[in-house]
Amino acid sequence: MKPVAAGCAPTAHDLRNEDVAALTGAANVETFGAGCAGSGGRVPAIAANSAPVLGNQGFALRLAGARATSPAVLFVSGGSGFLALDACTFYLALPAPTVLLTTDAAGAAVAALPLAANPSWLGRSAWMQWVVVDPNGGY
């Protein structure tokens, strides 16, 4: 099986890119970038379940449209970047893998990211990107 992902993986081969959500101090989530197709031409997508406001203990990022029952990693970064990987793009600068999950039978996953009511977080931004293992991915 080839590692494929939404963004970046330990190898420089067979990665698949996901849309990236930017969390901003205005307590909104913006999706930017484009995912690249994997198995069956499916293009994974990222979405937030709610606004990223301080104290939102139920905040989470969803992954949909990915390969079923496959490993998926949510990467988080304090900045954006651009790294073209064949037909895919990695949009994060200095990412840190944050959550490792397995997609369900529908190719979905949810990463719970509770936000503390910490005033020092006000006005900060974070960029996030899913990486999914898929042998038929775009990179």
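The paragraphs below go through this predicted model from its overall make-up to its nonpolar cores and its aromatic pairs.

The protein has ten strands and zero helices, and, read from the N terminus on, its elements accordingly run β-β-β-β-β-β-β-β-β-β. Among the contacts in the protein that have a separation of 6 or more, 64% are made by residues 24 or more positions apart. Of the 139 residues of the protein, 43% count as buried, while the area that the protein exposes comes to about 6,300 Å², with carbon and sulfur atoms supplying 61% of it.

Turning to the interior, the largest nonpolar core has 16 residues, and those with the most contacts inside it are Leu 61, Leu 63, Leu 74, Leu 113, Met 128 and Trp 130. At least two residues of this core come from each of strand S4 (60–64), strand S5, strand S9 (109–112) and strand S10 (126–132), and it is S10 that gives the most, with four residues. Apart from this core lies another, of seven residues, including Phe 75, Leu 85, Trp 127 and Val 131.

Phe 75 leads on to the aromatic side chains, where the structure holds two aromatic pairs. A pair of aromatic rings is described by the distance of the centres and the angle of the planes. In one of the pairs, the rings of Phe 75 and Phe 90 have their centres 6.2 Å apart and their planes at 85 degrees, and because planes over 60 degrees apart count as edge-to-face, this pair is edge-to-face. Phe 75 lies in strand S5 (residues 71–77) and Phe 90 in strand S7 (residues 88–93), so the pair ties together parts that are 15 residues apart in sequence. Phe 75 is buried, with a relative accessible area of 10%, and Phe 90, at 4% relative accessibility, also counts as buried, since the limit for that class is under 20%.

The other pair is formed by Phe 82 and Tyr 91, with 6.2 Å from centre to centre and 65 degrees between the planes, and it is edge-to-face as well. Are the two partners of this pair buried or exposed? Phe 82 has a relative accessibility of 61% and therefore counts as exposed, the limit for that class being over 50%, whereas Tyr 91, at 10% relative accessibility, counts as buried.

Notes
Residues are numbered from 1 along each chain as its sequence is written. This is a predicted model: local features need pLDDT of at least 70, side-chain atom pairs count only at pLDDT 80 or more; totals for chains, interfaces and linings use all residues. Side-chain values use heavy atoms; hydrogens and water are left out. Rings of Phe, Tyr and Trp (its six-membered ring) pair if their centres lie within 6.5 Å; planes under 30 degrees apart count as stacked, over 60 as edge-to-face and the rest as tilted. Buried means under 20% relative accessible area, exposed over 50%, partly exposed in between (1.4 Å probe, protein chains only). Contact means heavy atoms within 4.5 Å. Accessible areas come from the Shrake-Rupley method with a 1.4 Å probe; for residues, only the protein chains shown count as cover. A nonpolar core is a set of buried Ala, Val, Leu, Ile, Met, Phe, Trp, Tyr and Cys residues joined through side-chain atoms within 4.5 Å.
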